[in-house]
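Subject: The model we talked about, with notes

Hi there,

Here is the structure for you to open in your viewer. My notes come right after it, and I hope they make a handy companion while you look around.

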Amino acid sequence: MTDNINSGAPLKIHDLRPAPGAHKSKVRKGRGEASKGKTSGRGTKGTKARNTVMRGFEGGNVPLQRRLPKLKGFSNAMFKTTFQVVNLDKLGELFPEGGEVTVEALVARGAARKNQPVKILGTGDISVAVNVKAHAFSGSAKEKIAAAGGSVTEL
């Protein structure tokens with residue numbers, strides 16, 4: 001074998017060899033009494049000495065995957081819309097002068113998180129006229145805002 005590392009030629013996979021003394025020959029188990037023979041390190045008798053044991057086999061007990069109940073039902077959590085909730089009494093505190101209420105204004109005043117849809121709920125009362133623009137409204141919130149002289153716009 002030529003020494004390609006020192007000669008400047010590119011190293012190829014077929015040139016690679018293990019270091020001297022690093023490669024040990026495989027032990028041929030179970031090939032007669034003289035050579036690691038007879039039970040081949042498996043002890044004596046029993047399932048594990050004879051052949052492979054099935055994964056999940058519990059010695060004749062009912063396996064775990066059959067003991068546990070099947071999960072029934074359906075979950076649509078991956079596509080669920082989670083709203084940032086703002087109540088009317090909070091709107092009255094944040095906007096005492098009334099006027100225009102947008103999602104950006106609610107985020108700026110700390111009532112909602114950025115880049116998430118906002119829903120206005122009807123808990124509490126509002127006395128000032130506000131023009132609210134949000135992603136969703138409860139029925140009672142729409143009625144109370146309209147009764148206070150404001151308007152509702154869904155985005």
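Below are my notes on confidence, overall form, the sheet, the core and the salt bridges.

First, the ground rules. This is a predicted model, in which local features need pLDDT of at least 70 and side-chain atom pairs count only at pLDDT 80 or more, while totals for chains, interfaces and linings use all residues. Residues are numbered from 1 along each chain as its sequence is written, and side-chain values use heavy atoms, with hydrogens and water left out.

**Confidence**

The protein chain has a mean pLDDT (the predictor's confidence in each residue, from 0 to 100) of 87, and 95% of its residues reach 70 or more. Strand E5 (residues 136-137) has the highest confidence, at 95, and helix H1 (residues 4-7) the lowest, at a mean of 61. Where pLDDT is low, the predicted coordinates should not be read in detail.

**Overall form**

There are six helices and six strands in the protein chain; helices (H or I, at least four residues) and strands (E, at least two) are DSSP runs, numbered from the N terminus. Read from the N terminus on, the elements go α-α-α-β-α-β-α-β-β-β-α-β. The radius of gyration of the protein chain is 37 Å, well over the 15 Å that the globule rule gives for 155 residues, so the chain is more spread out than a compact globule. (That radius is taken over C-alpha atoms, and the rule is 2.2 Å times the number of residues to the power 0.38.) Along the principal axes, the C-alpha atoms fill a box of roughly 100 × 65 × 20 Å.

Of the 155 residues, 21% are buried. Here buried means under 20% relative accessible area, exposed over 50%, and partly exposed in between (1.4 Å probe, protein chains only). Among contacts (heavy atoms within 4.5 Å) with a separation of 6 or more, 39% come from residues 24 or more positions apart.

For a sense of the spread, take phenylalanine 74, in the loop between helix H3 (64-67) and strand E1 (84-87). Phenylalanine 74 is exposed, at a relative accessible area of 73%. From phenylalanine 74 to threonine 123 is 49 residues in sequence and 32 Å in space, C-alpha to C-alpha.

**The sheet**

Three strands form an open sheet in the order E1-E3-E5, with parallel pairing; two strands pair if DSSP finds at least two bridges between them. E1 and E5 are the edge strands, each pairing on one side only. E1 is joined to E3 by four bridges, and glutamine 84 has valine 118 in E3 as its bridge partner. Two bridges join E3 to E5, with isoleucine 120 opposite phenylalanine 137 in E5.

The side chains along E3 alternate: Val118 and Ile120 are buried and point to one face, whereas Lys119 and Leu121 point to the other and are not buried.

**The core**

The largest nonpolar core (buried Ala, Val, Leu, Ile, Met, Phe, Trp, Tyr and Cys residues joined through side-chain atoms within 4.5 Å) has 20 residues, and Leu91, Leu106, Ile120 and Val132 have the most contacts inside it. Two or more residues each come from helix H4 (88-94), helix H5 (103-108), strand E3 (118-121), strand E4 (130-134) and helix H6 (139-147). What does valine 132 touch, leaving aside its neighbours within four places in sequence? Its contacts are Leu91, Val101, Ile120, Phe137, Ile145, Ser151, Val152 and Thr153.

**Salt bridges**

The structure has four salt bridges, each a side-chain nitrogen of Lys or Arg within 4 Å of a carboxyl oxygen of Asp or Glu. Among them are these:

- Lysine 133 meets glutamate 100 at 3.5 Å, N to O. Lysine 133 is in strand E4 and glutamate 100 in strand E2 (residues 99-101), so the pair ties together parts 33 residues apart in sequence.
- Aspartate 125 meets lysine 144 at 4.0 Å, N to O. This pair links distant parts of the chain, with aspartate 125 in the loop between E3 and E4 and lysine 144 in helix H6, 19 residues apart. Aspartate 125 is exposed at 63% relative accessibility, while lysine 144 is partly exposed at 27%.
- Glutamate 58 meets arginine 67 at 3.1 Å, N to O.

Enjoy exploring, and best wishes!
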